[in-house]
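Please open the model in your viewer with the cartoon and side chains available, since this tour goes from one selection to the next.

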Amino acid sequence: MLKKRDLHDSHALYELMTHPDVFPFVRQKADSYEEFLFMTKQTIESEERGELISRTILDEWGAPIGTINLFDIEDNAGFLGTWLGKPYHGKGYNSPAKDAFFQELFYETGIETVFMRIRKVNIRSIKAAEKLPYVIKANESRKSIYEQLNANGEVYDLYEIPKDQYTFYLMRNGAVQSDDSQLLEA
């Protein structure tokens, strides 16, 4: 479902990203394929330096359909950026991609908090975020970050996914096996 970013996926991803229903909501915009290729190289290099984490989202057949990223990593926290190509909207790819990414972030890389800034006009993304049971709307609880994001006007809502909240969600839904289950084998 996810793989590290690869230049070989750039053409397919660029074609998906340029759709008018997708492009306005992509953080790393490119106006040409060459620019997108250059930005992908920069993304790979930035990940090697520990500045971000970026993955390509794949469909069932291994074809690239979007990206999921953690930007602005600082103090074991960062901002989530996700986009899917228009043909994949509403097909059930968003939630499994986020789950796979959160598993990697929280349990393999030491990230403790994932923030999401979502434009108030992006109703599709707000609804998707608010469906997730481990997401907290943080406009009030993280007021300083919210105000920083909206320094030039009320543009974004802020959401937070703390590692402990995500872990609790997994435990309640049986997605995490406790170490005690291993002890019962004879």
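Begin by selecting Asn 76, which sits in the loop between β3 and β4, in what is a predicted model. Its phi is near 60°, a positive value in a residue other than glycine, and at 43% relative accessibility Asn 76 counts as partly exposed. Extend the selection to Asp 75, whose place is likewise in the loop between β3 and β4, the latter strand covering residues 77–84. Here too the backbone has a positive phi, near 55° for Asp 75, in a residue other than glycine. For context, most residues other than glycine have a negative phi. Is Asp 75 buried or exposed? With a relative accessibility of 70%, Asp 75 counts as exposed.

Now step back to Asp 72, which belongs to strand β3, running over residues 64–74. Asp 72 has a relative accessibility of 44% and therefore counts as partly exposed. If you display its surroundings and set aside residues up to four places away in sequence, you will find that Asp 72 touches Arg 27, Glu 51, Ala 77, Gly 78 and Phe 79. A distance label drawn from the C-alpha atom of Asp 72 to that of Asn 94 should read 21 Å, for two residues that are 22 residues apart along the chain.

Next, select strand β2, residues 53–58, and within it Thr 56. Its relative accessibility is 0%, so Thr 56 counts as buried, the cut-off being under 20%. Which residues surround Thr 56, leaving aside its neighbours within four places in sequence? The contacts of Thr 56 include Met 1, Leu 2, Lys 3, Lys 4 and Arg 5, together with Asp 9 and Leu 13, and they also take in Pro 64, Gly 66 and Thr 67.

From here, move to the nonpolar interior. In soluble globular proteins, nonpolar side chains tend to be buried together. The largest nonpolar core in this model holds 37 residues, and those with the most contacts inside it are Phe 102, Leu 105, Val 114, Met 116 and Ile 161. Colour helix α3, residues 94–108, to see the element that gives the most to this core, with 5 residues. Apart from this core lies another, of 9 residues, and Ala 77, Phe 79, Ile 145 and Leu 149 are among them. Two of these names will be familiar from the earlier stop, as Asp 72 touches both Ala 77 and Phe 79. Returning to Met 116 and excluding its neighbours within four places in sequence, you can pick out its contacts with Leu 80, Lys 98, Ala 129 and Val 135, as well as with Asp 157, Leu 158, Tyr 159 and Ile 161.

Finally, zoom out to the whole chain. There are 7 helices and 7 strands in the protein, and from the N terminus on they run β-α-α-β-β-β-α-β-α-β-α-β-α-α. The radius of gyration is 17 Å, close to the 16 Å that the globule rule gives for 186 residues, so the protein is as compact as a globular protein of that length. Along its principal axes, the C-alpha trace spans about 60 × 40 × 35 Å. Among contacts with a separation of 6 or more, 59% are accounted for by residues 24 or more positions apart. Buried residues make up 41% of the 186 residues, while the protein exposes about 10700 Å², of which carbon and sulfur atoms supply 49%. For an electrostatic view, the mean positions of the 22 positive and 30 negative charges are 6 Å apart.

Conventions
Residues numbered from 1 in each chain as written. Predicted model: local features only at pLDDT ≥ 70, side-chain atom pairs only at ≥ 80, totals over all residues. Heavy atoms only, no water. Helix = DSSP H or I, 4+ residues; strand = E, 2+ residues; numbered from the N terminus. Rg over C-alpha atoms; globule rule 2.2 N^0.38 Å. Buried < 20%, exposed > 50% of the residue type's maximum accessible area, 1.4 Å probe, protein only. Contact = heavy atoms within 4.5 Å. Areas by Shrake-Rupley, 256 points an atom, 1.4 Å probe, with all protein chains shown as cover. Lys, Arg positive; Asp, Glu negative; His and termini not counted. Charge placed at Lys NZ, Arg CZ, Asp CG, Glu CD. Core = buried A, V, L, I, M, F, W, Y, C linked by side-chain atoms within 4.5 Å.
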